[in-house]
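Me: I am new to reading protein models, and I would like to look closely at one part of this one. Could you walk me through it slowly?

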Amino acid sequence: MVTATQPRTVCELKQMTPEEQYFYDVNGYLVVENAIEPDLLRRILEWTAPLEAEARERIERMGPGENREYIFEDILNTETRLVELVANPTIVPYLNEMIECPRLKSTWLTYKLKHGRTGAHSNHTPTRTCDYYHFNGRIYHNLFQVFYALDDIGPGEGALQVIPGSHKANFPLPENDAFVEKLCIEVHQPRGSALLFSHDCHHRSYNHSDKMRKTLIFTYCPGVIANSYGTDALYERLFEESPEHSWQKYLLRSPNGYRETYPCPVDNPWVRQGAPKNYSAGKK
Ligand SMILES: O=C(O)CCC(=O)C(=O)O
């Protein structure tokens, strides 16, 4: 059963505030509080309770030194009721504003117990096209991450650590742990919040606490970029079941190279006026 997400017009869409734009552009991340309404959060916790129990059991069976994290990959196709979050009305304005012709790329549910971690990765300089962040009159992302906190994530509890501004770094990050340590900050999250960040930003995480970190991750990319997990048909069934002209359907469409013809549900100037003159669509 797929829930209808209301189609929204550009007039209804909240715009990022100048403060949000500035903060995001300078730092490469932003926390949006109350991104999941309490009732939806309660339902998500109900749907995922068996998975959380399984993750805990699997992590507790791990040997010493193992990464005490358990990930459910492609969670959207496993727990399709999460489709309600694909076009989360609180998050759609950010997708619309910071990704060209956005689409959903990947989803996963991750649990980290004490010593669960994700190693640092730095994707800006040297640049990776699939992550690339740039500014050209507006913000563009090739990989935009949405981390939903299913519980509070406080100090030491496995919050994402980022080097603010590293999505624009011009020099490679020195391999000097003490230096990196000084630059990293933990981005704490209240339950139900969404941490938005550019995958170009240097990031990592480590849970030092006895509390389980519970995070649901959705990533978005421009329509031209292929899925890195699964094939182009990854969300085909959910796409078919989604209401016509909805943001949900739009975000679940398959990648289509530079031939981006699928109509965006908003009155998006890119779609309305056609591609800019220097756009290469149609060229061999
Ligand atoms: O789960 C985490 O803390 C980090 C995940 C991550 O590195 C990523 O999404 O690129």
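Does Cys101 count as buried or exposed, and why? Please start there, and then show me what surrounds that part of the chain.

Reply: Happy to! Keep in mind that this is a predicted model. Cys101 counts as buried because 21 C-beta neighbours lie inside 10 Å, and the cut-off for buried is 20 or more. Cys101 is found in the loop between helix H4 (92-98) and S3. Its backbone deserves a glance too: phi of Cys101 is near 45°, a positive value in a residue other than glycine.

Now follow the chain onward. Strand S3 covers residues 102-112, and the loop between S3 and S4 holds His115. Phi of His115 is also positive, near 75°, and this residue is again not a glycine. The surroundings of His115 are another matter: it counts as partly exposed because it has 17 C-beta neighbours inside 10 Å.

Strand S4 (117-121) comes next, and Ala120 is found in it. Ala120 is partly exposed, since 17 other C-beta atoms lie within 10 Å. Not counting residues up to four places away in sequence, Ala120 touches Val180, His202 and Arg204. Ala120 and Gln161 are 41 residues apart in sequence, yet their C-alpha atoms are 8.8 Å apart in space. Between S4 and strand S5 (133-135) runs a loop, and Pro126 has its place there. The peptide bond joining Thr125 and Pro126 is cis, with omega at about 0°.

Let us go back to S3 and see what packs against it. Helix H2 spans residues 38-60, and its buried residues are Ile44, Thr48, Ala55 and Ile59. These buried residues pack against strand S2 (69-73) as well as S3. Here is some helpful background: an α-helix has 3.6 residues a turn, so residues three or four places apart point the same way. You can see such a spacing in the buried set of H2, where Ile44 and Thr48 are both included, as are Ala55 and Ile59. H2 also has a kink of about 50° at Thr48, shortly before the proline Pro50.

Two of those helix residues lead us to the nonpolar cores. Ala55 and Ile59 belong to a core of 6 residues, which also includes Leu113 and Met212. This one is separate from the largest nonpolar core, which has 52 residues. As a general background point, nonpolar side chains in soluble globular proteins tend to be buried together. Within the largest core, the residues that touch the most other members are Tyr29, Tyr148, Ala194, Leu195 and Leu196. Strand S7 (residues 144-149) provides the largest share of this core, with 5 residues. Try picking out Leu196: leaving aside neighbours within four places in sequence, it is in contact with Tyr29, Leu30, Val32, Tyr94, Phe144 and Val146.

From here we can step across to the ligand. Thr215 makes a good guide, and its place is in strand S12. Thr215 is buried, because 22 other C-beta atoms lie within 10 Å. Beyond its neighbours within four places in sequence, Thr215 is in contact with Thr110, Phe147, Tyr148, Ala149 and Leu150. The C-alpha atoms of Thr215 and Ala194 are separated by 9.6 Å, although the two residues are 21 residues apart along the chain.

Thr110 and Thr215 are both among the residues that surround the ligand. The others in that shell are Thr118, Gln145, Leu160, His199, His203, Ser205 and Ile217. Two strands, S11 (203-207) and S12 (213-222), each supply at least two residues of the shell. By class, the shell has 2 nonpolar residues, 7 polar ones and no charged ones.

Finally, step back to the whole chain. It has 8 helices and 12 strands, and 38% of its 284 residues count as buried. Among contacts between residues at least 6 apart in sequence, 83% join residues at least 24 apart. How sure is the predictor? The average pLDDT of the chain is 89, and 89% of the residues score at least 70. Over residues 1-11 the pLDDT is below 50, and over residues 268-284 it is below 50 as well.

Note on methods: Residues are numbered from 1 along each chain as its sequence is written. This is a predicted model: local features need pLDDT of at least 70, side-chain atom pairs count only at pLDDT 80 or more; totals for chains, interfaces and linings use all residues. A residue is near a molecule or strand if its C-beta atom, placed from the backbone, lies within 6 Å of it. Helices (H or I, at least four residues) and strands (E, at least two) are DSSP runs, numbered from the N terminus. Ala, Val, Leu, Ile, Met, Phe, Trp, Tyr, Cys and Pro count as nonpolar, Asp, Glu, Lys and Arg as charged, and the others, Gly among them, as polar. The bend at a residue is the angle between axes fitted to the seven residues ending there and the seven starting there. A residue is buried if 20 or more other C-beta atoms lie within 10 Å of its own, exposed if 12 or fewer, and partly exposed in between; C-beta atoms are placed from the backbone. Two residues are in contact if their C-beta atoms, placed from the backbone, lie within 7 Å. A nonpolar core is a set of buried Ala, Val, Leu, Ile, Met, Phe, Trp, Tyr and Cys residues joined through C-beta atoms within 7 Å. pLDDT is the predictor's confidence in each residue, from 0 to 100.
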